[in-house]
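Student: I've just opened this one and could use a tour of what sits inside it. Can we go through it together?

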Amino acid sequence: MSGQSLTDRIAAAQHSVTGSAVSKTVCKATTHEIMGPKKKHLDYLIQCTNEMNVNIPQLADSLFERTANNSWVVVFKSLITTHQLMVYGNERFIQYLASRNTLFNLNNFLDKSGLQGYDMSTFIRRYSRYLNEKAVSYRQVAFDFTKVKRGADGVMRTMSTEKLLKTMPIIQNQMDALLDFNVNSNELTNGVINAAFMLLFKDAIRLFAAYNEGIINLLEKYFDMKKNQCKEALDIYKKFLTRMTRISEFLKVAEQVGIDRGDIPDLSQAPSSLLDALEQHLASLEGKKVKDSSTAASRASTLSNAVSSLANTGMSLSRVDEREKQAALEEEQARLKALKEQRLRELAKKSQPSSATTAASPSSTSGGSISTTAAIGLFSTPSSSNHSTSKLPNDLLDLQPTFQPSIHSISTGPSAANTWGDPFSSEASDEAIPSLNPFLVKSAEVVNATVASSDGVIFTSRTHSHEMFDHFNPFTEPTSCVATKYEYAPRIDQFPTGFIPSSAQAPTSTSINVDFESVFGTKPT
């Protein structure tokens, strides 16, 4: 099966709907494609382990859930993704795995879909056992052997005798689980198992480097140990020689599949005379007879040669590790350089807009720069300096004709209504704007309707509302004893300042004329 299956696409779509980007990436990294997980998905998940707002248990549970799949491809890629996060992810991830009671339960996994499924199921079971052992080792010693500090002042070289004797069996068990993968070069036939083998190869180098330094520390303290401690140390050293042979075979497979010879360390075995010296020292502590008792000088010389040989192996392992780190740094620098160049190209495109955009933009200049001319306020008043050079509209009212009522004398005939309409100009304007004043009533609708005031003054229905309320003059109205129907004629001097009606009606015969001079006594007698 090649390519993403329909099940993979549906699973990714479901996680997209739920908004879980982590689960979606886990699904994309563990598809049915017969190839290793894509680097972009692994990098994203590794970055997620460094984010404090990412739920590490949820991430781990998503990977465990994928191992329940029936396809060997999905299960194998889930294990590879987990291994990647354990090695390159934040330490919180492996801490969580170490705190779990159960991890991968794949001892009985078997994919019966095809012949390849049968073959790969065997390696899946072995691979899962190694990952379980890796997490258990972290639980027991609280650190990862592949990440510890190495050298003369490293963790394994400075460890005390009691702690060293307890730690060495743990690292031996993890090394055994790794070497039990036991793959041949002709079995590395697809990208999935090749990706797993590369991770195991890198773990084997780092793990054996820590193992080697522990043995060096053990040999340096061997002749100062007690009898029981010497017995344990001798057993550990014998197992170390066996594992050195197995790790050599593992590295040969790596060389056969095309790994660079410079990335494969040279393993130098300790002289066989060292083992004889260790056994004779233990026999002497137990009180047994030895065939030829070696002197202290000879033991020291043998021990020095063995330590020097193992130190050379450690240096070779360190060089391989440093070479890998250097390659990783160069790759990261290349990625940063590519991102920087891409960013510079994007900025260059933004600084040089297209000619079409420049022509369409009224604020752009021909050089591609943006004009810094201040924006013109729609309702602001233009300054005197700009008034002589520019007469841009500064008010919405400039869109309409200015309201300037013309002044006419009383004898002038009625003029045409202006644009806004003058309700006080003539009867024609009253007809043109019927709803301008709610107090105006057309004569056609109400005939001879009268309005009586409280003081007995009666106005006709044709009396304008502004004549009734706005320009009331007590000196032009009749007294309360007179109840005569009349039409009030407004006088010119009764209108407010600045407004003169275009026409005025002449007083009718029914109007009341009052002699003010005789009333106020100003007329000479």
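Student: Leaving aside neighbours within four places in sequence, which residues is Tyr127 in contact with?

Tutor: This is a predicted model, where local features need pLDDT of at least 70, side-chain atom pairs count only at pLDDT 80 or more, and totals for chains, interfaces and linings use all residues. Residues are numbered from 1 along each chain as its sequence is written, and side-chain values use heavy atoms, with hydrogens and water left out. Contact means heavy atoms within 4.5 Å. With that cut-off, Tyr127 touches Phe76, Leu79, Ile80, His83, Phe181, Ala196, Leu199 and Leu200.

Student: Which helix gives the most residues to the largest nonpolar core?

Tutor: A nonpolar core is a set of buried (under 20% relative accessible area, 1.4 Å probe, protein chains only) Ala, Val, Leu, Ile, Met, Phe, Trp, Tyr and Cys residues joined through side-chain atoms within 4.5 Å. The largest has 98 residues, and Tyr127 is among those with the most contacts inside it, as are Phe76 and Ile215. The top contributor, with 18 residues, is helix 9.

Student: How many residues does helix 12 give to the lining of the largest pocket?

Tutor: The pocket's lining includes Tyr88, Lys202, Arg206, Glu324 and Ala328, the closest to its centre among 39 residues. Helix 3 (39-50), helix 5 (72-88), helix 9 (191-220) and helix 12 (296-351) each give two or more; helices here are DSSP runs (H or I, at least four residues). Helix 12 has the largest share, 13 residues.

Student: How many of the lining residues are charged?

Tutor: Asp, Glu, Lys and Arg count as charged. Alongside 16 nonpolar and seven polar residues, the charged ones number 16.

Terms used. 1 Å grid on protein atoms, 1.4 Å probe; cavity = no way out; pocket = protein on both sides within 12 Å on 5 of 7 lines; lining within 4 Å. Buried < 20%, exposed > 50% of the residue type's maximum accessible area, 1.4 Å probe, protein only.
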